[in-house]
Amino acid sequence: MICQFRHRITLIHRGFQPRLVSSIFSHARTTMTAVTSPATKELNLFCDSVILGDRFVSNSAVVSIRGSQIQKVLEMSRSEMEAKRSSGELSNLEDLGPDVMLCPAFVNTHTHLAMNAMRGVTTARDMAGNVVEDVFFRVEGSLTADDVRAFTRMGCYEAVLAGVGACFDHYYFGEAVAAAMAEVGMSGAVAPTLQDLSVKSTY
């Protein structure tokens, strides 16, 4: 099993359209690229609504980020933030405004990211039979590790755009799945598929 976990937060605009805040932070007014060197300057994001850990409460706070790591979350009101910014105590600060919520990234606990590429390949006739054996097994029997790696990247990008920061995935060519997740920056746990191909399914 290949495991990789990192801190991630999700940026949700009013209207419930989440995006992952990781190495790139963006919204309507500006785009910022967070630096990757640990020695670089800290980036501070102020938000009126921040989900604080396992307390599941929403308060205004400053989230401090260095590189790809969340360093700290400081609860403070907007007036406190303005005072600290004016005094220079808070530098490199971005105010996300009142229409945004920051929360821990979503976790997809059961997915097959590479199968994102198969969306739409089935018909109503396929679904009336054994779609797993009649369609998916036939397609998957032709896949290579490079195919799975490319398709997994597609699934990761879609997940990131939905605010998902970690996935638990098992699929064929598990090392290719893990490599694609690492390339995109997706956290998660990956297990290769173990399957007895000599036994016909009865479902």
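**Group meeting: helices, cores and salt bridges in a predicted model**

Let me begin at the end of helix H5, which is followed by Gly 185, a residue with a positive phi, near 100°. I should say at once that the model before you is predicted.

I will stay with H5 for a moment. Which residues of H5 are buried? They are Gly 174, Ala 176, Val 177, Ala 178, Ala 180 and Met 181. As a general remark on such patterns, an α-helix has 3.6 residues a turn, so residues three or four places apart point the same way.

Now to the chain overall. The protein has 5 helices and 13 strands. Of its 203 residues, 38% are buried. Among contacts with a separation of 6 or more, 60% are between residues 24 or more positions apart. The protein exposes about 11,700 Å², and carbon and sulfur atoms supply 56% of that area.

I turn next to the interior. In soluble globular proteins, nonpolar side chains tend to be buried together. In this model the largest nonpolar core has 19 residues, and those touching the most other members are Val 148, Cys 167, Tyr 171, Val 177, Met 181 and Met 186. Which elements give two or more residues to this core? They are H3, helix H4 (145-161), S12 and helix H5 (174-184). H5 gives the most, with 4 residues.

Met 181 deserves a closer look. Leaving aside neighbours within four places in sequence, Met 181 is in contact with Leu 113, Thr 152, Cys 156, Cys 167, Met 186, Ser 187, Gly 188 and Val 190. There is also a second, separate core of 11 residues, which includes Leu 43, Ile 65, Val 100 and Leu 102.

Helix H3, which covers residues 131-140, is another contributor I would like to describe. Its buried residues are Val 131, Glu 133, Val 135, Phe 136 and Glu 140. Please note that two glutamates, Glu 133 and Glu 140, are on that list. The cover over the buried residues of H3 includes helix H2 (124-128) and strand S12 (164-171).

Strand S12 brings me to Val 164, which is found in that strand. Val 164 is buried, with a relative accessible area of 12%. Where the sequence places Val 164 and Phe 106 58 residues apart, their C-alpha atoms are 4.5 Å apart in space.

Aromatic pairing can be dealt with briefly, as the count comes to 1 aromatic pair. Why is that pair, Tyr 171 and Tyr 172, classed as edge-to-face? The ring centres lie 5.1 Å apart and the planes meet at 65°, so the pair is edge-to-face, the cut-off for that class being over 60 degrees. The two tyrosines can be placed by their accessibility as well. Tyr 171 is buried, at a relative accessible area of 3%, whereas Tyr 172 is partly exposed, at 23%.

Finally, the charged side chains. The count comes to 9 salt bridges, and I will describe three examples.

In the first example, Arg 66 forms a salt bridge with Glu 42, with the closest N and O atoms 4.0 Å apart. This pair links distant parts of the chain: Arg 66 is in strand S7 (residues 58-66), while Glu 42 is in the loop between strand S5 (31-33) and strand S6 (43-51), 24 residues away. Is Glu 42 buried or exposed? At 17% relative accessibility, Glu 42 counts as buried, because the cut-off for buried is under 20%. Arg 66 is partly exposed, with a relative accessible area of 28%.

In the second example, the side chains of Glu 42 and Lys 72 meet in a salt bridge of 3.2 Å, N to O. Lys 72 lies in strand S8 (residues 69-75), 30 residues from Glu 42. At 35% relative accessibility, Lys 72 counts as partly exposed.

In the third example, Glu 183 forms a salt bridge with Arg 149, and the closest N and O atoms are 2.2 Å apart. Glu 183 lies in helix H5 and Arg 149 in helix H4, so the pair ties together parts that are 34 residues apart in sequence. Glu 183 is partly exposed, with a relative accessible area of 40%, and Arg 149 is also partly exposed, at 32%.

One last point concerns shared partners. Salt bridges of this kind join Glu 42, Arg 66 and Lys 72 into one network.

Methods
Residues are numbered from 1 along each chain as its sequence is written. This is a predicted model: local features need pLDDT of at least 70, side-chain atom pairs count only at pLDDT 80 or more; totals for chains, interfaces and linings use all residues. Side-chain values use heavy atoms; hydrogens and water are left out. Buried means under 20% relative accessible area, exposed over 50%, partly exposed in between (1.4 Å probe, protein chains only). Contact means heavy atoms within 4.5 Å. Rings of Phe, Tyr and Trp (its six-membered ring) pair if their centres lie within 6.5 Å; planes under 30 degrees apart count as stacked, over 60 as edge-to-face and the rest as tilted. A nonpolar core is a set of buried Ala, Val, Leu, Ile, Met, Phe, Trp, Tyr and Cys residues joined through side-chain atoms within 4.5 Å. Accessible areas come from the Shrake-Rupley method with a 1.4 Å probe; for residues, only the protein chains shown count as cover.
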